[in-house]
Amino acid sequence: MTHATSGVSLDEAQLSEALARAQRGSAAAFGEIYQHYSRRVFGLCRRILGSTAAAEDATSEVFERARNALDQYAPQRPFERWLLTIASRHCLNVLRRRHVERRWLETCADEPLASEAPLSPLEVCEGRAERRALQRAIDELPEEYRIPLVLKYYGDLSYDEIAEQMAISRNHVAVRLHRAKLALRERVAASRSQD
Amino acid sequence: MNCPSELSLSMYADAELPEEQQRFVLGHLEACARCRASYAALDGENALLRVALDEAPFDAPESIAFATKQAPRAPLARAAHGWLWAGAALVAGSPLFLQWVWALVPSLPASVSWLGEWGASSGLLALARAAWLHTTDNQDLLSSSFGFAATIVTVLLLLIGSAQRRNHLWRWTACVWTACGSLLAVPSPSLAADVRYEDGGTVQVGPEETVEDTLFLSGKYVIIEGTVHGDVYAAGERVDIRGEIRGNVYGAGEAVVISGYVAGSIHAAGKDIELAGRTDGALYAAGQNVVLTERCVLAQDAFLAGESIRVKGRLARNFSFAGEQVEVTARVARDVRGYGERFALTSDSEVGGDVEVTVSAEEAARIDPAARVGGETRVDVHVEEEKRDFLHAGFYLSVLARALALLLFGLVLVTAFPSLRPPPPGSSLQLLRRAGIGFVALVVAPFAALLLALTVIGLPLAVVLMMLYVTAVYAATLVIADFASERLRALVSIPALARLGLALLGLLLLFELPLIGGGLRFLVCLFGLGSLLVHGRARYAEWRHQLQAAA
């Protein structure tokens, strides 16, 4: 899945050509890549870090890192995924520093799974207002749920990648994703009943 | 039928089940309508989440600053950047230009004449030239006009080159070389220099000898009996100047004895310093024992510092001092001012102006009634209080007051410029980098302000720079307290403002700790200043980026 998320969109061929040039050290080519992906990276950072200012800083930092590591990038792997992996790693580091590590990494890791949700999965949110409610609910999720959710459904990272980033087991990723969805169902249902 | 759990179905929907289980679920779904419905719902939920996450409900900025070394820039911005560097190179090359200015102006107005003195005999210039002469075996770069022209052209090329290049390292290197080149190209007052040194031996300028150049001497014993028309830089175990020096004297040694005539100023440092001749310039001396003998005649001010200072002879201007034991038996035309543990003005003394001394105890000042003082005599007693601050409530109140003041300052700052609040450092490398930048800023900013102030036109800029500098140094503590309060968030659940106040209070208390307090304050200053600068630069880059996007 390729997201052209910025004003400047490049097709696959242009992109791989720009990448090749950037790997040879062209600043202009990296500028094109930046233009193409900055929104996407910003979105991930914003979702994880929760504030626009922090996300902007993180985005700059991520591209700086990406450029420094560009020669380590192997073209077999989708570039966007590679970039988003860097972004998520950076954001998680930011969060780790922001809080004491155990606070968000260990609070729920070993708890047994709560009883299966009585609520049915979310259904298509037709209205804009409803989607907003869902987005708000995502933003309000605790980090331990929000991060895997964003990495999975925004960043398209695999369970294994998420597990590695968050330094938890693959099973915990599954559990957290599942619980994130349960929590979302609950919150969206609550906001519906309020309306 | 044994249905898979919702967790398994959810993992299946994410295509993340191990292969074996995946096959099982697939088979089960074909058979179980209820699970098929659940799976469809979960799959729909995933799709919905993707859509919701992909939509940006927040205001994504039009463009995000990308503060990197080689970020693509608009040609205009690149040109502006180049000029910035040209400016930096110009500052680096400023000694050369200052010297040109001084060469052009034959006599400076009285109010800025001290600038001329500084420019003409700047120790840095002279030392740079001495190093050059030493390494090139006394081959003077300026002895031919060709050499001079070549140096000027090189410096200019470096200036232009540094403005053109886009690589920072190259620019810095160019700046440094420009500075060095301009220092070398600057003619010292006598246009040439003579370097003599003797390891462990005696370096001598004989009684019949006349040296036209600036003279650099170094040896175990340095003796000058002849005449030197330029400045004298002398270092040795014993520096003995008996001859005639038309320039300034810079002397350092275990003993520095000057009994000859010096037309310029004397700058001397050493264990024992003795002055017994006539000097037309000022005297700056620091040493364990500083003695001005009866034959000493000084036409300008004297500034002396030492453990024991004994002054006889005649001083035509003011006498300032700082020392433990100070005894004056001299004729001073103007004021006598200073600080001494013990101070004595003997009966033979004569002071044209005031006598203002600060001593450690009432009885430590002995001013003979027979001494003639033209102006007023004032003796202040400075009693050093015993330092046991921690026992007094006043100490804590003052720390509290300072913390509150900083907190208030921080509130004003954050309200006025919320975006200026720097984020905590990402890694220890960043921390080091920030501290490094902070250190450079701490040192460079006052110098830059001084250089700007010298150009007179740049004076307002220098004032603004210094104001910013002082504010930033003050705010540095605040920045660190802010980082600390972020850390505190995990430990205590109190409002952010209270947390910040607590962190400030803690920091200020730590600053007051004996022994480590000072060092801590310094580190905090470095790190805070660096954080502010790094963050400010990122903000600036962002702003410029937005400007370009708007254009």
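How many salt bridges does a search of the whole structure find over all chains? The count is 28, where a salt bridge is a side-chain nitrogen of Lys or Arg within 4 Å of a carboxyl oxygen of Asp or Glu. We'll visit a few of them on this tour.

Before you start clicking: this is a predicted model, in which local features need pLDDT of at least 70 and side-chain atom pairs count only at pLDDT 80 or more, while totals for chains, interfaces and linings use all residues. Residues are numbered from 1 along each chain as its sequence is written, chains are lettered from A and ligands numbered from 1 in the order in which they are written, and side-chain values use heavy atoms, with hydrogens and water left out.

**Stop 1: chain A as a whole**

Select chain A and show it as a cartoon. You'll find 9 helices and 0 strands; both are DSSP runs numbered from the N terminus, with helices (H or I) having at least four residues and strands (E) at least two. Of the 195 residues in chain A, 54% are buried. Buried means under 20% relative accessible area, exposed means over 50%, and partly exposed is in between, using a 1.4 Å probe and protein chains only.

**Stop 2: rings in chain A**

Now pick A:F79 and A:W82. Both lie in helix α4 of chain A (residues 79–98), 3 residues apart, about one turn of the helix. Both are buried. Rings of Phe, Tyr and Trp (its six-membered ring) pair if their centres lie within 6.5 Å; planes under 30 degrees apart are stacked, over 60 edge-to-face, and the rest tilted. By this rule there are 14 aromatic pairs over all chains. The pair of A:F79 and A:W82 is tilted, with 5.5 Å from centre to centre and 35° between the planes. Add A:Y37 and A:Y73 to your selection: ring pairs link these two with A:F79 and A:W82 into a cluster.

Next, show A:R40 and A:Y154. The charged end of A:R40 sits over the ring of A:Y154, 4.3 Å from its centre. (For this, NZ of Lys or CZ of Arg must be within 6 Å of the ring centre and within 35 degrees of the ring normal.)

**Stop 3: a salt bridge inside one helix**

Go to helix α3 of chain A, residues 52–68. Here A:R65 forms a salt bridge with A:E61, and their closest N and O atoms are 3.6 Å apart. The two are 4 residues apart in the helix, so about one helical turn separates them. A:R65 counts as partly exposed because its relative accessibility is 32%. A:E61 is partly exposed too, with a relative accessible area of 24%.

**Stop 4: where chain B meets chain A**

Bring in chain B and select its helix α1, residues 6–13. Is this helix buried or exposed? 8 of its 8 residues are buried, so α1 is largely enclosed by the rest of the structure. Just after α1(B), look for B:A15, which takes a positive phi of about 55°.

Zoom in on B:E6, which forms a salt bridge with A:R185, the closest N and O atoms being 2.9 Å apart. This pair crosses between chains, from helix α1 of chain B to helix α9 (residues 170–194) of chain A. B:E6 counts as buried at 17% relative accessibility, and A:R185 does at 3%.

A second crossing joins B:E16 to A:K152, with 3.5 Å between the closest N and O atoms. B:E16 is in the loop between α1 and α2 (19–31) of chain B, and A:K152 is in helix α7 (residues 143–153) of chain A. B:E16 is buried at 8% relative accessibility, and A:K152 is buried with a relative accessible area of 8%. Add A:D160 and A:R170 to see a network of salt bridges that links them with A:K152 and B:E16.

**Stop 5: parallel strands in chain B**

Select strands β13 (residues 302–311) and β15 (residues 319–328) of chain B, which run parallel and are joined by 9 bridges. Two strands pair if DSSP finds at least two bridges between them. Here B:I309 stands opposite B:V326 in β15(B). Then add strand β17 (residues 336–345), which pairs with β15(B) in the parallel sense over 9 bridges. B:Q325 has B:R342 in β17(B) as its bridge partner.
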